[in-house]
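Thanks for coming. I will go through one structure this morning, starting with a sheet and then moving to charged pairs and the surface.

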Amino acid sequence: MFYLIYTVSIPQSLELPITFPPGLEIIDNFITEEEENFLLKYLNEHWSESSSMKHRQVKHYGFEFNYDFNDVRYDTCDPIPKEFEFILNAIYLRLNWRPNQITINKYSPGQGIPNHIDNITVFDEYILSLSLNSDIVMEFRKDLLKQNGIFIKAKSLLIMSGESRYEWTHGITPRKIDMINTVDGPDVVYRGTRFSITFRRAIQIIENIQVTKDLYEILGCDKTTSFETLKDNYKKRLLKVHPDKSILSSSSAACAELNKAWSILKDPDLKKKYDEQIEQSDINTEVTIYDYLNISDLENNEIEDTFSYRCRCGGQFLVPKSMVITVDQTEPLLFPCDDCSLFIEVILPNTNVF
């Protein structure tokens with residue numbers, strides 16, 4: 001007896017399962033083909049405004065990414081277009097998290113991006129990437145030893161959090177084809193032009209700078225150090241502690257500490273605020289109080305952006321406005337005379353009266 005067996009269709013090769021770094025998730029078909037075409041049409045129409053880099057083209061929305069320092073510029077970027085709103089809503093429904101910064105990379109076949117970890121002090125817990133128009137293999141590495149190549153299909157959303165976000169680097173090797181393992185054996189995937197939309201949430205710098213270590217000490221400098229020396233020290237130290245370069249288990253924490261110091265000291269306004277806080281914290285509690293004052297008792301110096309009060313020695317007590325007008329606390333603050341050892345105690349109002 002003979003049996004005739006036939007099939008209606010032959011299934012396509014299936015990708016073999018691979019171990020993901022902890023915290024990594026991929027959602028296939030996160031958007032529909034129609035939504036992908038809508039985004040591609042929008043991006044192609046607006047790509048003339050993009051900037052070119054050595055290995056790819058990029059465009060930013062929300063906040064501009066600063067590749068020199070793996071940081072963001074908070075005031076030099078177009079807002080996120082309304083055309084991306086449906087993706088932001090879908091992400092929020094999935095993660096209860098909403099990004100405020102988007103970087104779009106355009107890769108031609110043969111282009112890639114070096115392995116890296118997105119800045120762990122500037123961006124918060126999630127890094128998301130939506131692939132458009134082409135499949136890709138992305139490499140994940142840890143401790144220079146472990147390496148996983150993850151196959152990412154077009155229309156899929158990659159979510160990095162936890163260990164995959166903070167301890168594994170990710171990147172794309174520049175080549176025109178990728179090899180993947182399937183149940184039928186190795187297979188070749190040819191790369192096409194690919195758009196990658198990266199979603200991040202930049203952590204806004206808050207008014208009150210809270211630090212536990214001397215920022216100048218972290219960068220190996222002091223208050224009088226020039227900006228160029230600050231910048232040079234930051235770059236040199238970053239090369240030593242960056243997780244991409246160092247195999248030390250403490251490198252991520254050291255890198256975060258270094259980035260925080262640089263993000264504050266490179267900004268003139270934040271540096272000034274930090275210097276004022278240092279001066280206030282260094283004041284000895286056992287001091288001689290010359291007078292107890294309200295802000296209304298002080299003289300307003302609009303040009304110098306300070307309040308002042310005359311001391312009996314002929315000197316002045318200078319009170320930076322930034323320390324007494326915009327703060328939330330109501331505890332009194334001490335300010336020294338610029339000529340003698342006396343102090344005034346300024347009582348802050350419960351509400352802003354200015």
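**A sheet, some salt bridges and a patch**

The model is predicted, and I begin with an open sheet of three strands, ordered β17-β18-β19 and paired antiparallel. The edges are taken by β17, residues 299-301, and β19, residues 316-320; each has a single partner strand, so one side of each has no neighbour in the sheet. On average, neighbouring strands here are turned by 30 degrees against each other, with direction ignored. Between β17 and β18, the latter covering residues 306-310, the antiparallel pairing runs over three bridges. One residue to look at is Asn300, whose bridge partner in β18 is Phe307.

Next, the charged pairs. The count of salt bridges is 13. I will show three of them.

The pair Arg175 and Glu139 has its closest N and O atoms 3.0 Å apart. Arg175 sits in the loop between β12 and β13, while Glu139 is in strand β9, residues 136-142, so to speak of distant parts of the chain is fair: the two are 36 residues apart. Is each partner buried or exposed? Arg175 is partly exposed, at 29% relative accessible area, whereas Glu139 is buried, at 5%. Both also belong to a network of salt bridges that links Glu139, Arg175, Asp178 and Arg191.

Strand β9 also holds Lys142, which pairs with Glu163 of helix α3, residues 162-166, so this bridge ties together parts 21 residues apart in sequence. The closest N and O atoms of Glu163 and Lys142 are 3.0 Å apart. Glu163 is partly exposed at 25%, and Lys142 is buried at 11%.

The third example stays within one helix. Lys271 and Asp275 both lie in α7, residues 268-281, four residues apart, or about one turn. Their closest N and O atoms are 3.3 Å apart. Lys271 counts as buried, with 16% relative accessibility, and Asp275 is buried with a relative accessible area of 16%.

Now the surface. Which residues form the nonpolar patch? They are Ile177, Met179, Val188 and Tyr190, with about 420 Å² of accessible area together. Strands β13, residues 177-182, and β14, residues 185-190, each supply at least two of the patch residues. Val188 lies in β14 and is partly exposed, at 34% relative accessible area.

Last, a single residue in helix α1, residues 33-46: Asn44. Asn44 is partly exposed, at 47% relative accessibility. Setting aside neighbours within four places in sequence, Asn44 is in contact with Lys106 and Phe195.

Terms used. Residues are numbered from 1 along each chain as its sequence is written. This is a predicted model: local features need pLDDT of at least 70, side-chain atom pairs count only at pLDDT 80 or more; totals for chains, interfaces and linings use all residues. Side-chain values use heavy atoms; hydrogens and water are left out. Patches are made of residues with over 30% relative accessible area and no salt bridge: like charges are joined within 9 Å, nonpolar side chains (Val, Leu, Ile, Met, Phe, Trp, Tyr) within 5 Å. Accessible areas come from the Shrake-Rupley method with a 1.4 Å probe; for residues, only the protein chains shown count as cover. A salt bridge is a side-chain nitrogen of Lys or Arg within 4 Å of a carboxyl oxygen of Asp or Glu. Buried means under 20% relative accessible area, exposed over 50%, partly exposed in between (1.4 Å probe, protein chains only). Contact means heavy atoms within 4.5 Å. Two strands pair if DSSP finds at least two bridges between them. Axes are lines fitted to C-alpha atoms, for helices over the stretch in contact, and angles run from 0 to 180 degrees between N-to-C directions.
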